[in-house]
Structures are given as C-alpha cells and as structure tokens.
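Notebook open, model loaded. I want to jot down what I look up as I go, one entry at a time.

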Amino acid sequence: MNDDVVKAGLPLLQVTTVREGMFGASGSGDTSGFGGLVSVVPVPVASAQPFGNYFDEIYAELVAALPLFKSSAEKAFDKIVVAHDEMTIYVHPTELLAVARTLRDEPGLRFELCLGVSGVHYPNQTGAELHAVYHFRSITHNRRVRLEVVAADSHPHIPSIVSIYPTNDWHERETFDFFGIIFDGHPHLTRIQMPDDWQGHPQRKDYPLGGIPVEYKGATVPAPDERRSYN
C-alpha cells in the first residue's frame with residue numbers, strides 16, 4: 001500500500017494507482033496548475049447481496065435466464081459492484097454476448113437500449129489495463145445497468161455486440177480509435193475520428209501529452225507541452 005494512501009486515512013483497499021498532478025504527467029506536460037495534486041485510484045470492491053433497489057431483481061433474472069448461471073454464476077461474472085445507486089456487472093469477455101442478448105430479450109429485463117461503449121485505461125493494473133464500459137437502459141422497466149469487460153494490453157480483444165445492439169457500431173469504432181481495444185466481429189472496425197494512418201491511441205494514459213499544434217484560420221495554438229507550465 002502506498003504511504004500516501006495510509007496518510008490520507010482511506011480504507012485499505014486494492015489501489016490501481018496513485019496519480020500525481022491533474023493528468024498524471026511529469027515535467028512540463030501538466031499545464032493545469034495542479035502539479036501537487038495527489039489522487040488515489042482504487043479498484044472497486046465487490047458488493048454482497050442484497051444489493052438493494054431493483055438490482056437484486058436484475059441479478060435474479062440473469063441467473064434464471066442464463067443456463068450457465070444455474071451451475072455457477074462465476075462463469076460469467078467477475079464481480080458485481082453497487083455504488084452511488086448504480087449497478088456495474090463485471091463480465092468475462094467470453095460471456096459478453098450471452099449476457100447482452102439476455103439483457104435485451106428477457107421479458108423481465110428488456111434493456112432495449114445500449115447507450116454505447118467507452119474505454120478506460122489503467123496502465124498500472126497489470127493484466128487488466130483496458131476496460132470497456134457499456135451503459136444499458138430499459139425503457140419498459142425504467143431501469144439502468146452497466147456492464148464492464150476487462151482486457152489486457154497484451155491481448156486487447158473483446159467481442160463486438162453490434163450484432164445485438166447495432167447502434168453500438170460507431171461507439172466501438174471510437175473506443176478502438178482512442179484506446180486500441182479490438183472488438184472481434186465488428187463489421188468494419190476502422191478509425192472514426194483520427195486519420196487512418198495515425199500512430200497510437202490518444203486517450204490512453206501512456207499517450208504523450210505533446211500532440212501537435214492546432215490551426216484556426218491561420219492562428220496556431222501550441223501543443224500542450226509547449227505551452228506555459230504553472231507548476
């Protein structure tokens with residue numbers, strides 16, 4: 001455990017990283033003025049039943065609907081986290097399609113809408129550096145739930161759910177573009193905002209903050225690492 005965590009009086013939880021500065025940058029990269037800021041990033045702790053609210057009903061419907069759950073729910077779920085009145089289900093990549101299809105089709109669930117997928121990068125979480133986060137909404141039952149799938153930097157592959165939720169097409173492309181997560185089975189997984197020949201994935205934590213100057217009608221804004229540092 002990092003000394004800063006103990007001094008801050010925080011619970012003794014597993015910590016992903018302790019980040020210094022606004023962006024975790026060293027040297028001149030952090031131009032925010034918060035160079036002395038220390039942020040602790042913990043790993044979410046699994047919740048125990050009863051979860052409260054309608055979350056127990058969602059879990060019960062999933063257990064009843066998916067045959068593999070009847071023998072062992074651990075085959076599909078890494079853990080379930082309930083915090084801030086939201087439910088996050090950490091799903092094994094191999095079971096993502098089955099869980100997503102059940103969320104959509106099961107009458108007691110009916111999550112008709114997937115609001116998309118976004119990426120998160122934890123460079124210090126060895127073997128689980130990349131996270132894909134999906135938000136689902138049930139219009140029928142007025143409920144929401146989140147799925148989270150983890151992949152390693154060394155094998156950044158997660159199944160595409162475009163065959164189940166077609167509107168996820170562009171969201172998966174954007175997450176691939178910015179984080180480098182490869183969605184297996186996507187019909188056309190190409191960059192969607194950066195040029196096709198762009199090197200790297202700009203929203204990863206290990207992507208340099210330097211960047212390139214931006215031009216606006218002849219005026220040039222310097223790249224972040226060339227601007228004034230307020231540290």
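**Entry 1, Gly52.** I started with Gly52, which sits in the loop between strand S2 (38–42) and H2. A note to self: this is a predicted model. Is Gly52 buried, exposed or partly exposed? I get a relative accessible area of 28% for Gly52. Buried would need under 20% and exposed over 50%, so Gly52 counts as partly exposed. I also checked its distance to Asp85: the two are 33 residues apart in sequence, yet 8.9 Å apart in space, going C-alpha to C-alpha.

**Entry 2, the whole chain.** I stepped back for the overall numbers. I count five helices and 11 strands in the protein. Of its 231 residues, 36% are buried. Looking at contacts with a separation of 6 or more, I find that 51% link residues 24 or more positions apart. The accessible surface comes to about 12,800 Å², and carbon and sulfur atoms hold 53% of that.

**Entry 3, the core.** Next I went for the largest nonpolar core, which has 38 residues. Which members touch the most others? They are Leu103, Tyr134 and Phe136. I then listed the elements that give two or more residues to this core: the helices are H2 (55–65), H4 (96–105) and H5 (169–179), and the strands are S3 (77–83), S4 (86–91), S5 (113–121), S6 (130–138) and S7 (143–151).

I picked Phe136 for a closer look and left out residues up to four places away in sequence. Its contacts include Leu103, Phe111, Leu113 and Cys114. Further along the chain, Phe136 also touches Arg143, Arg144, Val145, Leu147, Ile161 and Tyr165.

**Entry 4, helix H4.** Leu103 led me to H4, where the buried residues are Leu96, Val99, Ala100, Thr102 and Leu103. I looked down the axis of H4, and these buried residues fall within an arc of 160°, so they line one face of the helix. What covers them? I noted H2, S3, S4, S6, S7 and strand S8 (157–159) among the elements that do.

**Entry 5, helix H5.** Last stop was H5. Its buried residues are Glu172, Arg173, Thr175, Phe176, Asp177, Phe178 and Phe179. I wrote down charged names as well as Phe there, with Glu172, Arg173 and Asp177 all on the buried list. The cover over the buried residues of H5 includes S5, S6 and strand S9 (182–184). Just after H5 comes Gly180, and I read a positive phi of about 85° for it.

Note on methods
Residues are numbered from 1 along each chain as its sequence is written. This is a predicted model: local features need pLDDT of at least 70, side-chain atom pairs count only at pLDDT 80 or more; totals for chains, interfaces and linings use all residues. Side-chain values use heavy atoms; hydrogens and water are left out. A nonpolar core is a set of buried Ala, Val, Leu, Ile, Met, Phe, Trp, Tyr and Cys residues joined through side-chain atoms within 4.5 Å. Buried means under 20% relative accessible area, exposed over 50%, partly exposed in between (1.4 Å probe, protein chains only). Contact means heavy atoms within 4.5 Å. The arc is that of the directions from the helix axis to the C-beta atoms. Accessible areas come from the Shrake-Rupley method with a 1.4 Å probe; for residues, only the protein chains shown count as cover.
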